[in-house]
Amino acid sequence: MTGLIVLPILLPALTAPFLILALGYDLRAQRVASIGATVLFLALAVTLYALAGDGPPRTYRLGDWPAPFGIVLVLDRLAATMLVLTGVLASVVVVHAAAGWDARGRHFHPLFQFQLMGLAGAFLTGDAFNLFVFFEVMLIASYGLMLHGGGAERMKAGFQYVALNLVASTLFLFAVGLLYAVTGTLNIADLAVKATQVAAGDRALLTVGAALLAMVFALKAAAVPLHWWLPAAYPAASAPAAALFMIMTKVGIYALIRIHGLAFPDLAAPWLAGAGALGLVVGAVGALAARRLAELVAYGVVWSMGSLLVALAASGAAAGTALLYYAAHSTLAGAALFLLAGLAAAARGSLGDRLVPGGPPLGAGPAILFLLATIGFTGLPPLSGFIGKILILQAIAGDPHGAVLWALLIGSSLPVIVGFARAGSTLFWKTAGAEGVEPAGTGPAALVPPGRSGLAGVAILVIALAGLTVLAGPVAHQLTATARQMADRAGYVEAVLGEPGGRGREAAR
Amino acid sequence: MELLVAAAIGLTTATGLYMMLRGSTFPVIVGLTFLSYAVNVFLFAMGRLAANRAPIVGTVPDPVDPLPQALVLTAIVISFGMTALIVVLALRGFLETGSDAVDLDRGDADDEDDDLDDAAPDPAPDATTASERAIRFFRDGAGPDEPEADPGRGPAPARPVPSEGRP
């Protein structure tokens, strides 16, 4: 059964070249194969979640090398949860993209599958350098997806995005090199053991390496002040790509939990709380200042990452539950809003998704979906954002800075709600047909309201939000078990290093 | 030897960082390359510096660590591929906007109502000077080292041209 663990990486890794080599010129066949593979990925993720639910983390040793020497894949509840989230999001996004977005450039589906491979690998690997490699796989595919569709603005934003991520990758390598030089291991579980045994003289080097690594992950997670790339990059990307990128910010959070939670538990937390508090402020201010719907959503993402970082910095199983619940919620809600922004931009012709009145009427369907997705995203009752916020507020209640964080978490919601309300009234009410609004110049694509096939993806994501709300009890119960396993550092180390046949533990001493 | 290697890594990193902070794409790419060189040497040194020792257990009494070589190979491949990608990206961005500035110029593109999505094909007055600078970079700066940059620029006249005619 442990062989299943490698399949979420292998499946997209084999699908992508198949799409290029066998179906290179047949977009229809590519769509069918890509959707099929993505749904299979989701099924696999659910299977693995069931597998991970019943006990300690399971490992798969690549090449059957014993644990600290070879590369291991580790499946625990956290990894499985992230895989399921990835599978749900990817299935919706690939169906949405197949409705027409994928025809605007070449090789959307192969890049999409490679991105899935990188995501699955990043979630499953138990090796720091292997994590770097899967980060790169994920990023290389994301560069392609980000540039999908072409255009001058996208090229410029893409250059910044690529350059920034190359610097981050270089920092990642510096950090991994430092950690290896000090501890002599790259296995994350082994790193957790060795980090406690480092000689006093090398402790500073180890801290520098861990801090560099935290910086890289914070950049991926768009933690203020390392967030500035996100409001430039995501709105410039095509809508399905931006929606899929919602999971990439969560990879940063995941890596922080995995490496820093395990090996350097006390290093990053105070900084992360500060970055989270700043993120709440910057995201809220940005949401008020945004001039495009996608930019507004991007600042909303910075804001929601602020809440996540606050939860990440807090300790305890309650904080872990809140973190995972809010991460799942904000991924789905943000993706729904990015897809809606893409639909609105397509329907408004040359106006795009810029927040100016006078566009064509968009119809009731998009308006209702926007309302629901916004209610979810900004944390208004009754949808899942509200529950996620309450979980976070409860988790940080005992924190010494709890009062400040409470004030920020609650207070920063208001500007975000105002920003979204303004955007909604501009897009859906102040249309060319409304009284006192001049029709603005619109291009040839105007007056074509978003089609049913486009709205279906958004509707599924909103239904998923409703599902998260209705099933909040069982979901939170599952996530609490995950959070407990997350906090059980000894259990993880034992599972990876002390497995039957794991001769590595003795040899490594 | 330690001092030499450490100084080399530090100097290369500093050069890379300085170049990265420039405002046009070509120096940024060169800076990235410097940075990736620095990290490659750094990774190589992380298994400790040793001369004349084999990385094979059993053949010599005190073998060196073979792992950094495998890691640095991976890092080289990735950074090489990424450099190729970003060069193409910078070139496409330059050809489509007529400017090689790294900034997005978002204020101009969003505030005016008349220049909507098609602000790009119509370069602003200062874009010509930017494209002049960029041509200088791609021509003189990268001439012999970047063979693929020249064919791309080949048909272009030496003086700056608006980018409408380009695909």
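## An exposed loop residue and its surroundings

A:Asp64 is exposed, because 8 other C-beta atoms lie within 10 Å of its own. By the rule used here, a residue is exposed with 12 or fewer other C-beta atoms within 10 Å, buried with 20 or more, and partly exposed in between, the C-beta atoms being placed from the backbone. A:Asp64 sits in the loop between β1 (58-61) and β2 (72-75) of chain A. Its phi is near 60°, a positive value in a residue other than glycine.

The model is predicted: local features need pLDDT of at least 70, side-chain atom pairs count only at pLDDT 80 or more, and totals for chains, interfaces and linings use all residues. Residues are numbered from 1 along each chain as its sequence is written, while chains are lettered from A and ligands numbered from 1 in the order in which they are written.

### Chain A as a whole

Chain A has 21 helices and two strands. Helices (H or I, at least four residues) and strands (E, at least two) are DSSP runs, numbered from the N terminus. Of the 509 residues of chain A, 62% are buried. The C-alpha atoms fill a box of roughly 75 × 60 × 40 Å along the principal axes. The radius of gyration of chain A is 22 Å, which agrees with the value near 23 Å for a compact globule with 509 residues. That rule is 2.2 Å times the number of residues to the power 0.38, and the radius is taken over C-alpha atoms.

Two residues are in contact if their C-beta atoms, placed from the backbone, lie within 7 Å. Among contacts in chain A with a separation of 6 or more, 80% are between residues 24 or more positions apart.

### Two helices of chain A

The table sets out α3 and α12 of chain A. The expected span of a helix is 1.5 Å times one less than its number of residues.

| Helix | Residues | Distance between end C-alpha atoms | Expected span | Buried residues |
|---|---|---|---|---|
| α3(A) | 77-98 (22 residues) | 31 Å | 32 Å | 20 of 22 residues |
| α12(A) | 293-313 (21 residues) | 30 Å | 30 Å | 21 of 21 residues |

α3(A) is followed by A:Gly100, whose phi is positive, near 150°. The axes of α3(A) and helix α4 (residues 108-124) of chain A come within 10 Å and cross at roughly 170°. Axes are lines fitted to C-alpha atoms, for helices over the stretch in contact, and angles run from 0 to 180 degrees between N-to-C directions. α3(A) and α4(A) are therefore roughly antiparallel to each other. Angles over 145 degrees count as roughly antiparallel, under 35 as roughly parallel, 65 to 115 as roughly perpendicular and the rest as oblique.

Residues of α3(A) in this contact include A:Ala79, A:Met82 and A:Thr86, and those of α4(A) include A:Phe108, A:Phe112 and A:Leu116. The residues of the contact divide into 13 nonpolar, one polar and no charged. Here Ala, Val, Leu, Ile, Met, Phe, Trp, Tyr, Cys and Pro count as nonpolar, Asp, Glu, Lys and Arg as charged, and the others, Gly among them, as polar.

In the loop between α3 and α4 of chain A lies A:His107. Phi of A:His107 is near 65°, again positive in a residue other than glycine. A:His107 counts as partly exposed, because it has 17 C-beta neighbours inside 10 Å.

### Cis peptide bonds

Most residues other than glycine have a negative phi, and most peptide bonds are trans. A cis peptide bond joins A:Val224 and A:Pro225, with omega about 5°. A:Pro225 lies in the loop between α8 (203-220) and α9 (230-236) of chain A. The bond from A:Pro381 to A:Pro382 is also cis, with omega near 10°. A:Pro382 is in the loop between α14 (364-378) and α15 (384-395) of chain A.

### Chain B and the contact

Chain B has six helices and zero strands. Of its 167 residues, 30% are buried. Among contacts in chain B between residues at least 6 apart in sequence, 62% join residues at least 24 apart.

The contact takes 26 residues from chain A and 29 residues from chain B. On the side of chain A that touches chain B, α5 (128-146) and α6 (152-183) of chain A each supply at least two residues. The largest share, 17 residues, comes from α6(A). The residues on this side of chain A divide into 16 nonpolar, six polar and four charged.
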